[in-house]
Amino acid sequence: MAKETEEHPRLILHNFLSPDLCKELEFIHNSNCTVGYRPNVFSTTLSHLIATNCAHLIMPFVPIREKLRETVEGYFGCHYELVIEFTGLISWTKGANIGWHSDDNRLYLKQRDFAAVCYLNSYNGDFRGGLFHFQDGEPSTIEPMAGDAVMYTADNRNIHSVDEIVEGERTTLTLWFSRDASHDEDAKLISFLSQNSLNSYLPQPASNNMYWFPPDEALKFQSGFDIRCARLHMLGLALYSPYEKICPSAVNSSYNLLELLMGSLQIARGVDLFDREFVNVMHVLQVAQFYSWKWSTLKATEVKEVSADIKPLSQAQQEDINCLKSAVLQDLQRAETFIKDLNCGKKVQDLFDWGSFSAAVVEWEAYSCNLHKEMVTSFPLWRKHGSIFSCPVGDSAETL
């Protein structure tokens with residue numbers, strides 16, 4: 001733990017988050033993130049999860065937010081004074097960086113009093129570059145390590161910068177806290193939740209342009225790639241539309257082909273077609289990223305009889321897959337370079353096998369269903385108290 005100084009009040013805690021919790025938050029980010037607010041940055045906000053019918057995925061954040069706020073209030077001596085102004089998962093990829101700044105350095109950010117950054121992966125293991133520097137005081141440099149947390153005042157007593165990412169993906173959970181209750185994130189989220197049915201945990205994609213990289217091509221889709229499909233490509237997975245015959249001449253109609261991502265899809269790998277349907281590309285991506293998170297566990301308990309779920313691809317199906325791939329990965333070379341950089345030297349595709357993937361479909365459904373039930377039970381209490389908090393097991397809840 002770093003000692004607080006009057007000049008540069010800050011706190012560094014090691015192993016603040018458990019390894020599996022870090023992996024869970026990475027899973028949520030990798031399966032839901034959109035192109036972010038800065039070049040080569042991707043983000044997942046709680047409001048975005050609610051908007052895409054993934055409100056249940058805010059449940060893992062709830063106890064972490066409470067723990068972080070209690071730690072910040074206790075250490076900086078402002079008990080019961082703070083509201084959470086923003087919660088988000090943010091990842092930086094090759095080329096992303098930021099120079100010297102304080103977190104309240106714009107007029108529209110002046111409500112921010114404290115910041116907390118939790119690292120979900122590690123320097124020189126999952127990414128290279130991305131060191132965090134304070135301009136003054138000690139420690140002056142922080143090497144991000146999974147589970148560690150950094151907390152500091154958001155004003156000019158803690159001006160800081162982040163080095164450019166050279167390779168890999170640097171992922172953090174970032175929160176800002178405010179003394180101004182009008183900027184309480186909880187109130188906004190509860191209002192947003194009240195406008196949603198909360199009847200299902202099946203994801204619904206946002207607009208395709210929110211997932212297109214680089215963002216300046218998102219209106220034309222004539223260059224670049226869809227980041228959801230790029231992450232699937234990392235696992236060697238391709239998408240097949242079972243109800244739409246794709247004409248080779250339609251390859252240049254990128255927008256129309258991208259619309260297929262909103263509907264029923266199957267996945268293929270090599271010459272195999274997985275004979276199960278997913279509701280849309282976000283459903284596919286969540287299962288695939290869940291598989292990446294839980295692969296070692298699933299491998300030990302995989303479904304042995306999966307032959308009935310695997311069919312050989314026909315030539316016509318392969319042609320359709322190639323057409324759709326050409327639309328969603330317009331610049332295949334750029335997409336593969338992006339994937340190579342994200343992998344940071346790791347051979348992700350080598351982990352794949354259909355048995356454990358089939359098990360992942362079942363386990364993802366159980367995981368999502370359990371979180372959804374927990375959220376539905378908790379929400380009436382959140383709405384009643386105007387605050388998002390961990391509800392004791394067994395608390396009764398009014399009918400939604």
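Helices here are DSSP runs of H or I with at least four residues, numbered from the N terminus. Helix 1, in this predicted model, offers a good place to start. Within helix 1, Glu26 and Lys23 are 3 residues apart, which means that about one helical turn separates them. The side chains of Glu26 and Lys23 meet in a salt bridge, with 3.7 Å from N to O. A salt bridge is counted when a side-chain nitrogen of Lys or Arg lies within 4 Å of a carboxyl oxygen of Asp or Glu, so the pair at 3.7 Å qualifies. By this rule the count comes to 13 salt bridges. Just ahead of helix 1, the loop that leads there from strand 1 (10–13) holds Asn15. This residue is not a glycine, yet the phi of Asn15 has a positive value, near 55 degrees.

Helix 1 also matters for the description of the domains. The domain assignment of the protein gives two of them, domain 1 (3–195) and domain 2 (208–369). Their contact takes 27 residues from domain 1 and 24 residues from domain 2. Taken over C-alpha atoms, the centres of domain 1 and domain 2 are separated by 29 Å. The size of an interface is often given as the accessible area lost when the parts come together. For domain 1 and domain 2, the area buried between them is about 2100 Å², and carbon and sulfur atoms give 59% of that area.

Polar pairs can be listed for this interface too. The count between domain 1 and domain 2 is 1 salt bridge. Glu169 is joined to Arg231 by a salt bridge, in which the closest N and O atoms are 2.8 Å apart. With both residues at pLDDT 80 or more, 7 residue pairs are in polar contact between domain 1 and domain 2. On the side of domain 1 that touches domain 2, the elements giving two or more residues are helix 1 (19–30), strand 2 (34–35) and strand 12 (165–168). Helix 1 provides the largest share of that side, with 6 residues.

Turning to the sheets, one is an open sheet of 4 strands in the order 5-11-8-9, and its pairing is antiparallel. Strand 5 (98–101) and strand 9 (141–142) stand at the edges with a single partner strand each, so one side of each has no neighbour in the sheet. Strand 5 is joined by 2 bridges to the antiparallel strand 11 (residues 160–162). In strand 11, His160 is the bridge partner of His101. The loop between strand 8 (132–134) and strand 9 contains Pro139. The peptide bond that runs from Glu138 to Pro139 is cis, with omega near -5 degrees.

A second cis peptide bond joins Phe213 to Pro214, and here omega is near 0 degrees. Pro214 has its place in the loop between strand 14 (212–213) and strand 15 (225–226).

Another open sheet of 4 strands follows the order 16-17-18-19, again with antiparallel pairing. Its edge strands, strand 16 (238–240) and strand 19 (310–312), each pair on one side only. On average, and with direction ignored, neighbouring strands of this sheet are turned by 40 degrees against each other. Strand 17 (residues 265–269) and strand 18 (residues 272–278) run antiparallel and are joined by 4 bridges. Arg269 stands opposite Asp272, which belongs to strand 18. Helix 10 (residues 354–385) packs on the sheet, where it touches strand 17, strand 18 and strand 19. The direction of helix 10 makes about 0 degrees with that of strand 18.

How values were computed. Residues are numbered from 1 along each chain as its sequence is written. This is a predicted model: local features need pLDDT of at least 70, side-chain atom pairs count only at pLDDT 80 or more; totals for chains, interfaces and linings use all residues. Side-chain values use heavy atoms; hydrogens and water are left out. Two strands pair if DSSP finds at least two bridges between them. Axes are lines fitted to C-alpha atoms, for helices over the stretch in contact, and angles run from 0 to 180 degrees between N-to-C directions. Contact means heavy atoms within 4.5 Å. Domain bounds come from an automatic or database domain assignment. Buried area is the accessible area (1.4 Å probe) that two parts lose on being put together, summed over both. A polar contact is a pair of N or O atoms within 3.5 Å; within protein, one must be able to donate a hydrogen and the other to accept it, and residues adjacent in sequence count only if both atoms are side-chain atoms.
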